[in-house]
Amino acid sequence: MIRERVKDIQLSIRKISKKAEEQEDCIRLDIGQPSFDTPEHVKKVAREEMDRFQGYTADRGIDELRDAVAREESGKKGIEAEQENIMISAGGMEALYSVFATVLDPEDKAVFNDPCWGPYKLISEVNGNRWSQVDFFENGELTDEARKEIRDAELVLVNTPNNPTGKVLEKEEAKEIAEVAEDSDTLLVSDEVYHRLTYGEEHVSPARFTDESVIIGSMSKNHAMTGWRVGWVNSSPDYVDNFSKASRGMVACPPAISQFAAVEALKNDSHVEKMRGEYGERRDILVQKMNELGWEFVEPEGAIYAFPDIGRDSWDFALEMVEKGVSIVPGEPFGPGSDENVRICFGSVEQRDIEKAFDVLEDEV
Ligand SMILES: Cc1ncc(COP(=O)(O)O)c(C=O)c1O
């Protein structure tokens, strides 16, 4: 017997990636995969580590990495963290799942922004929770509908810098949503897996403005380490103790070699600035191209995506474009308000490929 809730999950955007894989020389603007490989000094540490005994690590990760992450959280976000606040996970994805499995009873509700990254809904469905989606902000203020949804939910998930829009929360927005969550007794989960990738706007964690929160972090995008599967949770020691039970039940511990590699990446991290600089240039090209086409969009200030309104059905457009050798993700799966948006990833290809892709797009619009 397969649970109906799981059976009903549609991984619809696979339709696009499958077609893209079949096409020779398809320009892949659909996947959130950095074009950069993991820095050589990080791989070197992993190779050296391979020669040592390979066993399980502590379920919440090695102390050295928990310390390094605590320093990253304190230093880069101004959120005082110690080793006891940190659980290392098998990617941000496993961190999210551990949190949902720990804090939500069946039928409890999580509220997400509209649009939001699809796997939040996937996790809720598999975990048996209810969820809703609502546009959180209008003109820099939390909407009445968002306030109501947050009050009615057990968990509110905020994502800054944002996938799919590239929006970075302003300080006032971060503060407002944190305060409303606190007043409503709704747990604030802040997904900050792109915290190092901003282009002008400073990353502000909403967790700065509340005493009870859970921050999700990751090595994947900031350090070009998606395949290593290392992420983290930063929360109170009590939460961390309990998240680690869910995590233990899923993965026992995060991959050992990857954890040592992550320590090196966090300690010697000048690669982040180099990649961020390049992403910023790609973003500028993309913004210019989207303006030339007259598309409307939220200015991408962070992460590696833009989410323009293309003024027509997103599935039709994405399917047509992939046939022509440019793959982008239709907006529809990101939320009910996004039928006419597409997600374009500027992190996955080089500048000349963004230009080439727009030569094709221009002919279609
Ligand atoms: C918003 C967001 N959160 C979490 C993740 C999970 O990343 P990972 O599991 O690779 O750390 C991603 C990956 O694309 C993401 O875009």
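The following exchange asks how some descriptions of this predicted model are justified.

Residues are numbered from 1 along each chain as its sequence is written. Because the model is predicted, local features need pLDDT of at least 70 and side-chain atom pairs count only at pLDDT 80 or more, while totals for chains, interfaces and linings use all residues.

Me: What makes α10 a helix whose span agrees with expectation?
Reply: Helices are DSSP runs of H or I with at least four residues, and strands are runs of E with at least two, numbered from the N terminus. Helix α10 (residues 256–267) has twelve residues, and the expected span is 1.5 Å times one less than the number of residues; that gives 16 Å, and the end C-alpha atoms are 17 Å apart, which agrees.

Me: Why is α10 called mostly covered?
Reply: A residue is buried if 20 or more other C-beta atoms (placed from the backbone) lie within 10 Å of its own, exposed if 12 or fewer, and partly exposed in between. Nine of the twelve residues of α10 are buried, so the helix is mostly covered; among them are Phe260, Val263 and Leu266.

Me: How do you know that β2 pairs with β10?
Reply: Two strands pair if DSSP finds at least two bridges between them, and four bridges join β2 to β10 (residues 231–234), so the two antiparallel strands pair. One of the bridge partners in β10 is Asn234, opposite Ile86.

Me: Which way do the residues of β2 point?
Reply: Ile86 and Ile88 point one way and Met87 and Ser89 the other way, and all are buried. In a regular strand the side chains alternate between the two faces of the sheet.
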